[in-house]
Amino acid sequence: EAGGIHAVLGYAALEGGVCYPAHAHVADEAYWQLAGGGWWRTWQWVRNDTDWLLETEVNLRGSRRELHVNERLHPHELDTTDASTVPAEEEDDDEAHMVLVYWWGKRADVDNDYRWIRRVRETG
C-alpha cells in the first residue's frame with residue numbers, strides 16, 4: 001500500500017477441468033494469459049420486462065499472451081472445463097489449463113467487497 005492505493009501483482013494457474021465461477025469485486029484488474037486454453041467470460045446487466053439480468057457480454061477462448069482487463073464490479077469467470085478450447089499452438093497438451101500473471105488495485109480505504117455472482121446466463 002502506497003499513497004492510499006492497495007495493489008497486488010501475482011500469478012495464477014488453473015488445471016484442466018476447473019471453473020473459477022462468476023464473481024465481482026471492487027478492485028480493477030488485468031490478467032495476462034501466458035499459456036493454456038479455457039474461457040474468459042464477462043457479463044453485463046441488461047433490463048428485460050420485469051427484472052435486471054446478467055447476460056453474456058464477452059466469451060473469449062484463452063490464448064497465449066492475451067490481455068484481459070476487468071473493471072471494478074464487472075462479473076467475470078475463468079473456465080477450463082472444455083478441453084476442446086486448447087489453442088492451436090498448444091495442441092500437444094492433453095487438456096485445457098490456464099497460466100496467468102495478474103495485477104489488481106483499489107483505493108486502500110475501500111473494502112474489496114468480493115462476491116460470487118449466481119444470476120448469470122448465456123445468450124446467443
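**Pocket, cores and salt bridges**

Reader: How do the residues lining the largest pocket divide into nonpolar, polar and charged?

Author: The split is 9 nonpolar, 3 polar and 1 charged. Bear in mind that this is a predicted model. The lining comes to 13 residues, with Tyr20, His23, Glu29, Tyr31 and Tyr114 nearest the centre of the pocket. The pocket has a volume of about 210 Å³. Strands 1, 2, 3 and 8 each give two or more residues to the lining, and strand 8 gives the most, with 3.

Reader: What makes up the largest nonpolar core?

Author: It has 9 residues: Leu14, Ala27, Tyr31, Trp40, Leu78, Met98, Leu100, Tyr102 and Trp104. They count as a core because they are buried residues of the nonpolar kind, joined through side-chain atoms within 4.5 Å. Strand 8, residues 98–107, supplies the largest share, 4 residues. There is also a second, separate core of 5 residues, and Ala22, Ala24, Trp43 and Ile117 are among them.

Reader: Which residues does tryptophan 104 touch, leaving out those up to four places away in sequence?

Author: Its contacts are His6, Ala7, Val8, Ala27, Asp28, Glu29 and Asn112. Ala27 is a member of the largest core along with Trp104.

Reader: Why is threonine 80 called buried?

Author: Its relative accessibility is 1%, and buried means under 20%, so threonine 80 counts as buried. Threonine 80 is found in the loop between strand 7 and strand 8. Setting aside neighbours within four places in sequence, its contacts are Leu14, Glu15, Gly16, Gly17, Val18, Gly37, Gly38, Ala96, His97 and Met98.

Reader: How do you know whether glycine 36 is buried or exposed?

Author: Put its 0% relative accessibility against the 20% limit, and glycine 36 counts as buried. Glycine 36 lies in strand 3. In sequence, glycine 36 and valine 99 are 63 residues apart, yet C-alpha to C-alpha the pair is 6.3 Å apart in space.

Reader: What makes arginine 41 and glutamate 77 a salt bridge?

Author: Their closest N and O atoms are 3.0 Å apart, and the cut-off is within 4 Å, so the pair qualifies. The link joins distant parts of the chain, with arginine 41 in strand 4 and glutamate 77 in strand 7, 36 residues apart.

Reader: And how do you know that aspartate 79 forms a salt bridge with arginine 41?

Author: By the 4 Å test again: the closest N and O atoms are 2.8 Å apart. Aspartate 79 is in strand 7 and arginine 41 in strand 4, so this pair ties together parts 38 residues apart in sequence.

Reader: What joins Arg41, Glu77 and Asp79 into one network?

Author: Salt bridges that share partners. Arginine 41 bridges to glutamate 77, and aspartate 79 bridges to arginine 41.

Reader: Are those charged residues buried or exposed, going by relative accessibility: arginine 41, glutamate 77 and aspartate 79?

Author: Buried means under 20%. Arginine 41 is at 13%, so it counts as buried. Glutamate 77 at 10% does too, as does aspartate 79 at 8%.

Reader: Why is aspartate 109 called exposed or buried, whichever it is?

Author: Its relative accessible area is 60%, and exposed means over 50%, so aspartate 109 is exposed. The side chain of aspartate 109 meets that of arginine 107 in a salt bridge, 3.0 Å from N to O. The whole structure has 4 salt bridges.

Methods
Residues numbered from 1 in each chain as written. Predicted model: local features only at pLDDT ≥ 70, side-chain atom pairs only at ≥ 80, totals over all residues. Heavy atoms only, no water. Buried < 20%, exposed > 50% of the residue type's maximum accessible area, 1.4 Å probe, protein only. Contact = heavy atoms within 4.5 Å. 1 Å grid on protein atoms, 1.4 Å probe; cavity = no way out; pocket = protein on both sides within 12 Å on 5 of 7 lines; lining within 4 Å. Points joined across faces, edges and corners; volume = space filled by probe spheres on them. Nonpolar A, V, L, I, M, F, W, Y, C, P; charged D, E, K, R; others polar.
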